[in-house]
Amino acid sequence: MDSSFFRMNPSGKLPVFKNGSHIIFNTIEIIQYIERIAIVSSGGGVSFSGREVVEWMQKIQDWNPKFFTLSHIPEKYLFYVSKFIRRVVIARMAEAPDLAGAYHHKLREAYETEDELKNQDVLRVNKEHLIRLLDEVETQLNETAYIAGEEFSLADVTLIPVLARLVLLDLEDEYIRSRPNIAEYWLLVKQRPSYKKVIGKYFDGWGRYRTLIRTWCFVRIRSMLKRY
């Protein structure tokens, strides 16, 4: 919510990737940009992701996890988070009047999100989209070890955070273990060093509780400091 971030990205949304003066907001474009850098840096011995990989990335990215995630957060905590976000936005608006338009849009977006969370049709459509996606992945994993073939690809990089989110929300039984191929795939990808470093370290076992506690303390401290 800092003004420096809003000046870089007026929508105030993640993700944002900045490399020098080059700024990218789209998840798939960020991943492909990093892929190009990696291939060039390695001397070009690896080929770029093919059409099938990109198509899978787009399918996964088309599902918006916001409403699904928020609908599985206990109401009392959701109310606290929503209230905190509104207070921060209003405070930042006062600190940076030249960004009032962007902050006002963010505030309106917060209220609209609260209204949409009360709309059961919105939640149902969002959930059905996720189920269709996972069912398609389950079918694909009947044929190949990974989503886009026998080799780990950027399509898998895009899907893994979706599965990690479901685990974090305590929905692994309903959405992962109920699909045998995805359950086996999930066990496989969790063994990768990159998973352990980027996700597992923070969200597996006790790491999950340490992360949540650390985040809660950070939010509380920031909230208290802003009062003085």
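User: Buried means under 20% relative accessible area, exposed means over 50%, and partly exposed lies in between. With that in mind, what does Glu112 count as?

Analyst: Happy to start there, keeping in mind that this is a predicted model. Glu112 has a relative accessibility of 41%. That value is neither under 20% nor over 50%, so Glu112 counts as partly exposed.

User: Which residue does Glu112 meet in a salt bridge?

Analyst: Both partners lie in helix H6, four residues apart, about one turn of the helix. The N to O distance is 4.0 Å. The partner is partly exposed, with a relative accessible area of 39%. The side chain that Glu112 meets is that of Arg108.

User: How many residues apart in sequence are the parts that the salt bridge of Glu114 with Arg86 ties together?

Analyst: Nice one to look at in the structure. The closest N and O atoms of Glu114 and Arg86 are 2.3 Å apart. Glu114 lies in helix H6 (residues 100-116) and Arg86 in helix H5, so the pair ties together parts whose separation in sequence is 28 residues.

User: Does Arg86 count as buried or exposed?

Analyst: Its partner Glu114, at 23% relative accessibility, counts as partly exposed. Arg86 is at 15%, and the cut-off is under 20%, so Arg86 counts as buried.

User: Which helix gives the most to the lining of the second largest pocket?

Analyst: This pocket has a volume of about 310 Å³, and its lining includes Arg86 and Glu114. Helix H4 (66-71) and helix H5 (75-95) each supply at least two lining residues. With five residues, the one that gives the most is H5.

User: How many residues of that lining are charged?

Analyst: The lining residues include Leu70, Ile73, Pro74, Phe79 and Lys118. Six of the lining residues are nonpolar and two are polar. The charged ones number four.

User: Which residue does Arg124 form a salt bridge with?

Analyst: Look in helix H7 (residues 120-140), where the two partners sit three residues apart, about one turn of the helix. Their closest N and O atoms are 3.6 Å apart. Arg124 counts as partly exposed at 40% relative accessibility, and its partner is Asp121.

User: What accessible area do Leu168, Tyr202 and Phe203 have together?

Analyst: These three residues form a nonpolar patch on the surface. One of them, Leu168, is found in helix H8 (residues 154-168) and is partly exposed, with a relative accessible area of 30%. Together the three have an accessible area of about 220 Å².

Terms used: Residues are numbered from 1 along each chain as its sequence is written. This is a predicted model: local features need pLDDT of at least 70, side-chain atom pairs count only at pLDDT 80 or more; totals for chains, interfaces and linings use all residues. Side-chain values use heavy atoms; hydrogens and water are left out. Patches are made of residues with over 30% relative accessible area and no salt bridge: like charges are joined within 9 Å, nonpolar side chains (Val, Leu, Ile, Met, Phe, Trp, Tyr) within 5 Å. Accessible areas come from the Shrake-Rupley method with a 1.4 Å probe; for residues, only the protein chains shown count as cover. Buried means under 20% relative accessible area, exposed over 50%, partly exposed in between (1.4 Å probe, protein chains only). On a 1 Å grid over the protein atoms alone, a cavity is a set of points where a 1.4 Å probe fits but cannot get out, and a pocket is an open set with protein on both sides within 12 Å along at least five of seven lines; lining residues have an atom within 4 Å of a point. Grid points are joined across faces, edges and corners, and a volume is the space filled by probe spheres set on the points. Ala, Val, Leu, Ile, Met, Phe, Trp, Tyr, Cys and Pro count as nonpolar, Asp, Glu, Lys and Arg as charged, and the others, Gly among them, as polar.
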